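Let's take a walk through this model, starting with its aromatic rings and moving on to how two of its helices pack.

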Amino acid sequence: MNIAVAIDQIPQDELPSASEAGPAPKRIVVAYGFWIFLLSDIIMFAAFFASYAVLVRSTAGGPTGAQLFNQTTVAIETVCLLVSSYTCGLMSLAINSRRYLRTYLGALITFALGAAFLSLEIREFSSMIAIGAAPQRSAFLSAFFTLVGCHGLHVALGLIWLIVMMVQVAVFGFAARVQHRLLCFSLFWHALDIVWVGVFTVVYLMGVSS
């Protein structure tokens, strides 16, 4: 039976009010809270993007993005992160099908690609600092390290989260609470991919062309 039709057939005076229905279930409250967290994260990154756009030409006589950025390395980073989003989606499908092997395989590939992305980013940062292009060198570099570094920190936390979730799958199986946490992880990981597309476009592509 269609639930929406069944509810429509109930007289309005017989439906419980919001106060009579009681508080929302915990899973709904948690899901709502996680969406608020994601939106607040997006707002934070938007502020970092705005700061970078304002300070991108404030090099104080130091190196510019065109002189520092290695497009080949950045392209590899982008491929790693975007493919990891795809494998994360495959992992979610495996979770819905309750297939342990495919879930672990998807998580392993997602972790490996995320770790590769992170290692390339750390190497980029270290090479820039080695030639004197540290965050304190100019306002441009401060904005760059803040924006890109904050995204990298989120990726690192996501990898730790993924390890914890795989341990929970091994211990608790595909319990409802575990599936819900894995769904939250997937949303978080896909959000990081969306932010990186912005970073890749605004920081690297526009930085080299300017």
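Which residues form one aromatic cluster? This is a predicted model, and in it the cluster is made up of F69, F117, F125, F144, F145, W196 and Y204. If you count aromatic pairs over the model, you get 17.

Zoom in on F144, a member of that cluster. F144 pairs with F145 in an edge-to-face arrangement, with 5.4 Å centre to centre and 80° between the planes. F144 also pairs with Y204: here the ring centres sit 6.2 Å apart and the planes meet at 85°, so this pair is edge-to-face too, the cut-off being over 60 degrees. That second pair ties together distant parts of the chain, since F144 belongs to helix α7 (residues 139-172) and Y204 to helix α8 (residues 176-209), 60 residues apart.

Are these rings buried or exposed? F144 has a relative accessible area of 0%, so it counts as buried. Y204 is buried as well, again at 0%, and F145 is buried with a value of 11%.

Now for the helix packing. The axes of α5 (residues 71-96) and α6 (residues 100-130) come within 8 Å and cross at roughly 160°. Angles over 145 degrees count as roughly antiparallel, so that is how α5 and α6 run relative to each other. The crossing of α5 past α6 is left-handed. Sort the residues in this contact by class and you find 15 nonpolar, 6 polar and 5 charged.

One last stop is a charge over a ring: R177 lies over the face of F172, 4.5 Å from the ring centre.

Conventions
Residues numbered from 1 in each chain as written. Predicted model: local features only at pLDDT ≥ 70, side-chain atom pairs only at ≥ 80, totals over all residues. Heavy atoms only, no water. Axes fitted to C-alpha atoms, helices over the stretch in contact; angles between N-to-C directions. Helix = DSSP H or I, 4+ residues; strand = E, 2+ residues; numbered from the N terminus. Parallel < 35°, antiparallel > 145°, perpendicular 65-115°, else oblique. Left-handed = near helix turned anticlockwise from the far one by under 90°. Nonpolar A, V, L, I, M, F, W, Y, C, P; charged D, E, K, R; others polar. Phe/Tyr/Trp six-rings, centres within 6.5 Å; stacked < 30°, edge-to-face > 60°. Buried < 20%, exposed > 50% of the residue type's maximum accessible area, 1.4 Å probe, protein only. Lys NZ or Arg CZ within 6 Å of the ring centre and 35° of its normal.
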